[in-house]
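Welcome to this short briefing on a protein chain. Take a moment to turn the model around before reading on.

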Amino acid sequence: MAYQKLQAYRALEVIPSDTINIPNPAMLSVSSTTTSNAPGKLIDTSQNFTTNGVKVGDIIYLAAASGKVIAIDSADTLTVGIAVSSGVAYTIYNASDAPNNGCVLYVGVAADVKVTTAGGDDVTFTGILAGSFIPVQVLRVWATGSPTGIIALW
């Protein structure tokens with residue numbers, strides 16, 4: 001009897017979002033900590049976002065939120081679509097050069113999980129058991145109706 005064998009080589013903890021796809025972890029641009037805060041701005045005086053290759057549309061992962069770079073204001077300041085405080089760890093992923101073309105999911109808690117598939121379908125997997133894999137190529141895990149504790153695997 002044949003069985004499917006999953007051998008992932010990359011993994012990323014998913015921050016569910018109704019608007020932001022899961023980033024490709026191989027496309028990490030910057031990982032640091034904010035140095036100050038202003039409404040709608042990500043400020044890090046220890047970075048030079050322009051030389052690090054950060055672009056408008058890149059995906060930002062903060063503690064429990066995800067967003068996109070809306071504008072590059074200066075070498076150390078970005079306009080972003082989420083609230084950012086001072087002293088918060090963040091990661092920016094390049095979303096344009098190599099987007100996530102689909103990943104499978106490990107779901108660590110029993111729940112229903114709403115996803116957008118690589119084919120563009122929005123579906124809800126109901127009754128997923130804790131410790132299960134969803135063997136469908138996924139681009140996005142929706143915040144509405146989905147739990148935390150999900151890991152994307154490539």
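Which residue in E8 is the bridge partner of leucine 62? The partner is tyrosine 90. Keep in mind that this is a predicted model. The chain has zero helices and 13 strands, and those strands are arranged in two open sheets, one of seven strands and one of six.

**The chain as a whole**

- Walking from the N terminus, you meet one β element after another: β-β-β-β-β-β-β-β-β-β-β-β-β.
- The C-alpha trace spans about 55 × 25 × 25 Å along its principal axes.
- For 154 residues, a compact globule would have a radius of gyration near 15 Å, and the chain's value of 16 Å agrees with that.
- Buried residues make up 41% of the 154 in the chain.
- Take the contacts between residues at least 6 apart in sequence: 67% of them join residues at least 24 apart.

**The seven-stranded sheet**

- Its strands follow the order E2-E8-E5-E6-E7-E4-E3, and the pairing is antiparallel.
- At the edges you will find strand E2 (28–33) and strand E3 (36–38), each of which pairs on one side only.
- From one strand to the next, the twist averages 30°.
- As a reminder, strands of a sheet pair through backbone hydrogen bonds, either parallel or antiparallel.

**Strand E5 and its two partners**

- Strand E5 (residues 59–62) pairs with strand E8 (residues 89–93) in the antiparallel sense, over four bridges.
- Within this pairing, leucine 62 has tyrosine 90 as its bridge partner, while tyrosine 61 stands opposite threonine 91.
- E5 also pairs with E6, again in the antiparallel sense and over four bridges.
- Here isoleucine 60 has glycine 67 of E6 as its bridge partner.
- A hairpin of two residues links E5 to E6.
- Which way do the side chains of E5 point? Ile59 and Tyr61 point one way and Ile60 and Leu62 the other way, and all are buried.
- In a regular strand, side chains alternate between the two faces of the sheet.

**Two residues to look up in this sheet**

- Serine 66 lies in strand E6 (residues 65–74).
- Is serine 66 buried or exposed? Its relative accessible area is 10%, so serine 66 is buried.
- Setting aside neighbours within four places in sequence, serine 66 is in contact with Ile15, Ser17, Ile20, Ile60, Tyr61 and Ile82.
- Isoleucine 43 belongs to strand E4 (residues 41–43).
- Isoleucine 43 counts as buried because its relative accessibility is 12%, and the cut-off for buried is under 20%.
- Not counting residues up to four places away in sequence, isoleucine 43 touches Thr34, Thr35, Ser36, Asn37, Ala38, Asp76 and Thr77.
- How far is the C-alpha atom of isoleucine 43 from that of isoleucine 134? The two are separated by 37 Å, and they are 91 residues apart along the chain.

**The six-stranded sheet**

- This open sheet has the order E1-E13-E9-E12-E10-E11, with antiparallel pairing.
- Its edge strands are E1 and strand E11 (122–128), and each pairs on one side only.
- The twist here averages 35° from one strand to the next.
- Strand E1 (residues 11–13) and strand E13 (residues 150–153) run antiparallel and are joined by three bridges.
- In that pairing, glutamate 13 stands opposite isoleucine 151.
- E13 also pairs with strand E9 (residues 103–107), in the antiparallel sense over four bridges.
- There, leucine 105 stands opposite alanine 152 of E13.
- Strand E10 (residues 111–117) and strand E12 (residues 132–141) form an antiparallel pair over three bridges.
- Across that pair, threonine 116 stands opposite arginine 140 in E12.

**Rings and charges**

- What sits over the ring of tryptophan 142? The charged end of lysine 114 does, 4.1 Å from the ring centre.
- The charged end of arginine 140 also sits over the ring of tryptophan 142, at 5.6 Å from its centre.
- Arginine 140 is therefore worth finding twice: it stands opposite threonine 116, and its charged end sits over a tryptophan ring, within the 6 Å cut-off.
- The structure also holds three aromatic pairs.

Methods. Residues are numbered from 1 along each chain as its sequence is written. This is a predicted model: local features need pLDDT of at least 70, side-chain atom pairs count only at pLDDT 80 or more; totals for chains, interfaces and linings use all residues. Side-chain values use heavy atoms; hydrogens and water are left out. Rings of Phe, Tyr and Trp (its six-membered ring) pair if their centres lie within 6.5 Å; planes under 30 degrees apart count as stacked, over 60 as edge-to-face and the rest as tilted. A charge sits over a ring if NZ of Lys or CZ of Arg is within 6 Å of the ring centre and within 35 degrees of the ring normal. Two strands pair if DSSP finds at least two bridges between them. Axes are lines fitted to C-alpha atoms, for helices over the stretch in contact, and angles run from 0 to 180 degrees between N-to-C directions. The radius of gyration is taken over C-alpha atoms; the globule rule is 2.2 Å times the number of residues to the power 0.38. Buried means under 20% relative accessible area, exposed over 50%, partly exposed in between (1.4 Å probe, protein chains only). Contact means heavy atoms within 4.5 Å.
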